[in-house]
Amino acid sequence: STASTLNLEAPGPALTSPMTDTTLEYNPRPTFEWDAIDGAVYYRVQVSADAEFTRPLTGWARTNNIAWPYTLQTGGYYWRVQAYAGGIWTDFSAANTLTLEAPGPTLTSPATDTTLQYSPRPTFTWDAIDGTVYYRVQLANNAEFVRPVTYNSATTSYTWPVSLTSGTYYWRVQAYAGGIWTDFSTASTLNLEAPGPALTSP
C-alpha cells in the first residue's frame, strides 16, 4: 500500500491574562491565566527575564491559573505555559511579555525649588503608597546623589534629625511595599538660607 504520513501535534495553551505587553504597577506576584486544555493533569508555568528562557522561574498549577509564588522585581518579563495531558507534555505556548513597575512616591512638601530661611531641620512630606511598610528618605548636596544621607520613616513625613547648613539640597523618597522597593521618586530641590541680621544703627 502507499504509505501515509501522520503529524501529531500538541499545541500549548492560549494565554489570556495578562495580555502581552501589559504593564502592572505595584504587583510583584501577578496572577497568570490561560485557556484550559482537556485532560490536563497539571500545567508548568515559566517566567523569565529573557526571551530565551535561559534561567526561568517555574511554577506549577492544577487549574488554568496561578498566583505567582515568587516575588518579582520591577522590570520586563516573558511568561509561557505548557500542559501535561494524555501522558505527554504539550508544546509551550507562545510567550507573552509583561512589565512590572513600581513608581516612587509623589513628593508634596517642600515643593521643588523652595527656599526656606532659618529652617535647618525641614520636614519632608510625600503621598502614601498602599501597602508600604516603610519609606527611605535620601538627602544629598548633588543631583547624582553621590554619598547621600539616608533615613527611614514609617509615615509619609519626616523631620530631618540634624541641622543642615545653608545651601542647595536634593531629596527623594522610595517605598518598601509588597516585598519590593519602588523606584525612587523624582528628586526635588531645596534651598536653605540663613541671612545675617540687617544692620540698622549706626
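**A walk through strands, rings and loops**

Let us start at Y42, which counts as partly exposed because its relative accessibility is 27%, between the 20% limit for buried and the 50% limit for exposed. Please keep in mind that this is a predicted model. Y84 also falls in the partly exposed class, with a relative accessible area of 24%. We will meet both tyrosines again in a moment, as ring partners.

A search for aromatic pairs across the whole structure turns up 18 of them. One of these brings together F32 and W68: the ring centres are 5.6 Å apart and the planes stand at 90°, so this is an edge-to-face pair. F32 belongs to strand β3, whereas W68 sits in the loop between β6 and β7 (75-85), so the pair ties together parts of the chain that are 36 residues apart in sequence. Both F32 and W68 are buried. Now back to our two tyrosines: Y42 and Y84 form a stacked pair, with 5.5 Å from centre to centre and 15° between the planes. Because Y42 is in strand β4 and Y84 in strand β7, this pair ties together parts that are 42 residues apart in sequence. Elsewhere, ring pairs link F124, Y151, Y158, W160 and W171 into a cluster.

Some rings have a charge for company. The charged end of R44 is placed over the ring of W89, at 4.2 Å from the ring centre. R136 does likewise with W181, lying over the face of the ring at 3.9 Å from its centre.

F32 gave us a first look at β3, so let us see the sheet around that strand. Three strands make an open sheet in the order β1-β3-β6, and their pairing is antiparallel. Which strands stand at the edges? They are β1 (15-17) and β6 (65-67); each has a single partner strand, so one side of each is left without a neighbour in the sheet. From one strand to the next, the twist averages 25°. Looking at one of the pairings in detail, β1 and β3 (residues 31-34) run antiparallel and are joined by two bridges. Here L15 stands opposite W34 in β3.

Just where β1 ends, at residue 17, the backbone does something worth pausing over: the peptide bond joining S17 and P18 is cis, with omega about -5°. P18 is part of the loop between β1 and β2 (22-25). A second cis peptide bond runs from S109 to P110, and its omega is near -5°. P110 lies in the loop between β10 (107-109) and β11 (114-117).

Two phenylalanines also deserve a look at their backbone angles. F53 has a phi near 55°, a positive value in a residue other than glycine. This residue F53 is found in the loop between β4 (40-48) and β5 (57-61). Is F53 buried or exposed? F53 is buried, because its relative accessible area is 7%, under the 20% limit. For F145, phi is likewise near 55°, again positive in a residue other than glycine. F145 is placed in the loop between β13 (132-140) and β14 (149-153), and F145 counts as buried because its relative accessibility is 8%.

Our last stop is strand β18. Five of its six residues are buried, so β18 is largely enclosed by the rest of the structure. Which way do its neighbours run? Strand β11 runs parallel to β18, and four bridges join the two. Strand β16 (residues 167-177) runs antiparallel to β18, with five bridges between them. On the β16 side, Y170 has T189 of β18 as its bridge partner; on the β11 side, T115 stands opposite N191.

N191 is a good residue on which to finish. N191 lies in β18, which spans residues 188-193. Leaving aside residues up to four places away in sequence, N191 touches D113, T114, T115, L116, G167 and T168. With T168, the contact includes a polar one between the two side chains, at 2.8 Å.

Notes. Residues are numbered from 1 along each chain as its sequence is written. This is a predicted model: local features need pLDDT of at least 70, side-chain atom pairs count only at pLDDT 80 or more; totals for chains, interfaces and linings use all residues. Side-chain values use heavy atoms; hydrogens and water are left out. A polar contact is a pair of N or O atoms within 3.5 Å; within protein, one must be able to donate a hydrogen and the other to accept it, and residues adjacent in sequence count only if both atoms are side-chain atoms. Contact means heavy atoms within 4.5 Å. Two strands pair if DSSP finds at least two bridges between them. Axes are lines fitted to C-alpha atoms, for helices over the stretch in contact, and angles run from 0 to 180 degrees between N-to-C directions. Buried means under 20% relative accessible area, exposed over 50%, partly exposed in between (1.4 Å probe, protein chains only). Rings of Phe, Tyr and Trp (its six-membered ring) pair if their centres lie within 6.5 Å; planes under 30 degrees apart count as stacked, over 60 as edge-to-face and the rest as tilted. A charge sits over a ring if NZ of Lys or CZ of Arg is within 6 Å of the ring centre and within 35 degrees of the ring normal.
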